[in-house]
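Thanks for coming, everyone. Please have a look at the structure on the screen, and I'll walk you through a few places in it.

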Amino acid sequence: MNSLKNAAAFLFALHTTHAVEVGDEVCITGYVLDGLCITQGFFLDAQDTNSLEFPEEHTFHCLIDPPQCVESGYQVLGPKNETTGMHCLGFRFDNTTTVVELAKTVGQKGLCTSCTNEDANAPERGWLATVKGTVSALGDGSDGVTGTPILSDFEIMDGSVGCVTEDTVPPLCMARSLEDPDDGAMGSGNEDCTQQMCSVELTPGYMLQYQVNEAEGTVTMEATFDGEAFVAVGFSTNGEMIGSEAVIGIAGENGDIPQKYNLGGKSTELVTTMPAEQQTLTDASVEVVDGQTVMKFTKILIEPNEIPVDPNVESIMLWALGSDFTLGYHSGGRESFGVTLAGEGGSDGAGTTTVAPTTTTVAADGAATTTVATTGSGEETDEFPDYGTDPTAPEEDSSASKVHGALAAGIAIAFFTSML
């Protein structure tokens with residue numbers, strides 16, 4: 001299949017397909033997590049552990065003891081994506097109290113403040129549950145916590161119960177599964193992207209152009225959106241936002257010059273600008289021209305203390321769109337795709353760098369540092385830093401989905417590369 005046609009079909013399907021509708025009865029077996037730990041990207045008592053990668057490490061202590069976790073609401077996750085290693089988001093519960101009271105009876109007493117289960121074999125962490133319920137509201141179309149459907153009249157059982165038929169596929173998991181991992185790469189076909197600008201339409205009205213400058217070891221990019229919003233392009237070792245690096249352009253800010261950022265989490269305060277010495281973009285600009293937002297920049301492919309990019313290897317990238325020029329949630333949409341930046345050009349693998357996986361540790365003050373990753377989960381602590389309440393859960397007994405916080409503005413093309 002032609003990769004461009006496949007990519008276009010994939011993106012079209014993402015915007016037109018719904019796995020569930022209001023009123024549907026669903027059943028799914030997955031881990032139950034709170035909205036705050038999902039949004040922050042780590043557990044409050046194990047800050048080196050990615051919450052969507054290792055939900056089985058989520059302690060009942062962290063799940064139901066901190067008030068900010070309780071206030072953020074709960075949801076059951078979907079299955080793990082074998083490509084990204086992350087669980088997709090599943091379904092939210094419309095009644096937080098019901099979830100908390102049941103969790104108290106499941107978790108082992110003494111290992112969390114409010115747990116009451118005295119069985120020595122009761123779980124300390126990893127609440128795997130089979131959930132049945134009725135879809136009372138769909139998500140807001142985003143890929144975050146508020147993008148998941150809400151369940152009412154739900155029943156939460158032990159994960160060993162399972163569903164009588166196949167598990168319901170959550171919409172966000174369905175979007176990922178539509179991609180053909182063997183032929184899902186967008187890109188330039190047989191074009192040599194070291195000799196000319198190559199282009200791909202990420203979604204109707206949103207175009208990305210790029211060219212690799214081999215002699216300089218750089219890539220030049222131009223993103224054009226038929227609207228007015230912020231723009232971002234990022235790099236990652238796993239295709240996910242958390243722990244990645246991005247170039248973000250916001251017209252009217254920073255002298256209309258895109259800046260490089262560390263993506264320490266999904267909340268705006270964890271998206272932080274890199275130090276001045278790492279702001280090495282050249283020919284960089286972001287502006288609105290005849291109603292279109294255009295971001296241009298040239299970036300060094302391999303820089304100290306940053307994720308290197310091999311143009312001769314297919315990279316997992318991510319595009320996103322905001323709604324205005326306020327840095328925040330990418331409400332205009334976001335999806336991942338694959339691309340080999342050099343196309344049919346390049347040096348047949350010359351310059352390929354083998355990179356150890358990295359992980360980002362986010363401190364309580366929001367500062368993010370990237371280090372070599374280790375396997376498994378991080379060390380735990382009994383202390384819960386005050387990260388504040390993450391207002392992403394539906395109100396108690398509410399069937400309406402809410403969007404909280406500032407919406408993102410501008411084009412955000414976050415293209416995240418992952419060495420395959």
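Start with Val231. Which residue of β12 is its bridge partner? Gly249 is the bridge partner of Val231 in β12. One word before we go on: this is a predicted model.

Now find Gly234. Its bridge partner in β12 is Ala246. Val231 and Gly234 both belong to β11. Taken together, 5 bridges join β11 to β12, residues 244-249. The two strands run antiparallel.

Step back from that pair. β11 and β12 are part of an open sheet of 4 strands. Read the order across it: β11, β12, β13, β14. The pairing is antiparallel. At the edges sit β11, residues 231-235, and β14, residues 271-273. Each of these edge strands pairs on one side only. From one strand to the next, the twist averages 30°.

Stay with β11. Is it buried or exposed? Buried: that goes for 5 of its 5 residues, so β11 is largely enclosed by the rest of the structure. Look at where the residues point. Val231, Val233 and Phe235 go one way from the strand. Ala232 and Gly234 go the other way. All of them are buried. So an edge strand, pairing on one side only, is still largely enclosed, because 5 of its 5 residues are buried.

Next, a helix. Go to α5, residues 96-106. Which of its residues are buried? Thr96, Val99, Val100 and Ala103 are. Those four cover an arc of only 95° around the axis, so they lie on the same side of α5. What do the buried residues pack against? There are several partners. The strands are β1 (25-34), β4 (74-76), β5 (91-93) and β7 (150-158). The helices are α3 (60-64) and α4 (67-71).

Check the N-terminal end of α5 too. Asn95 caps it. A side-chain oxygen of Asn95 lies 3.1 Å from the backbone nitrogen of Thr97.

Now two single residues, and they make a good contrast. Take Thr130. It lies in strand β6, residues 128-137. Its relative accessible area is 0%. Buried means under 20%, so Thr130 is buried. What does its side chain reach? The backbone nitrogen of Gly162, at 3.0 Å. A polar atom of the Thr130 side chain also lies 3.4 Å from the backbone oxygen of Asp158. Leaving out residues up to four places away in sequence, Thr130 touches a list of others, including Cys27, Ile28, Thr29, Glu155 and Cys163.

Then Asp290. It sits in the loop between β15 (282-289) and β16 (292-300). Its relative accessible area is 79%. Exposed means over 50%, so Asp290 is exposed. Now find Glu228. In sequence, Asp290 and Glu228 are 62 residues apart. In space, their C-alpha atoms are 9.9 Å apart.

Last, the whole protein. How many helices and strands are there? The count is 6 helices and 21 strands. Of the 420 residues, 55% are buried. Take contacts between residues at least 6 apart in sequence: 67% of them join residues at least 24 apart. The accessible surface comes to about 17,500 Å². Carbon and sulfur atoms account for 49% of that surface.

That's my tour. Over to you for questions.

How values were computed
Residues numbered from 1 in each chain as written. Predicted model: local features only at pLDDT ≥ 70, side-chain atom pairs only at ≥ 80, totals over all residues. Heavy atoms only, no water. Pairing = 2+ DSSP bridges. Axes fitted to C-alpha atoms, helices over the stretch in contact; angles between N-to-C directions. Buried < 20%, exposed > 50% of the residue type's maximum accessible area, 1.4 Å probe, protein only. Arc of directions from axis to C-beta. Contact = heavy atoms within 4.5 Å. Polar contact = N/O pair within 3.5 Å; in protein donor to acceptor, adjacent residues only side chain to side chain. Areas by Shrake-Rupley, 256 points an atom, 1.4 Å probe, with all protein chains shown as cover.
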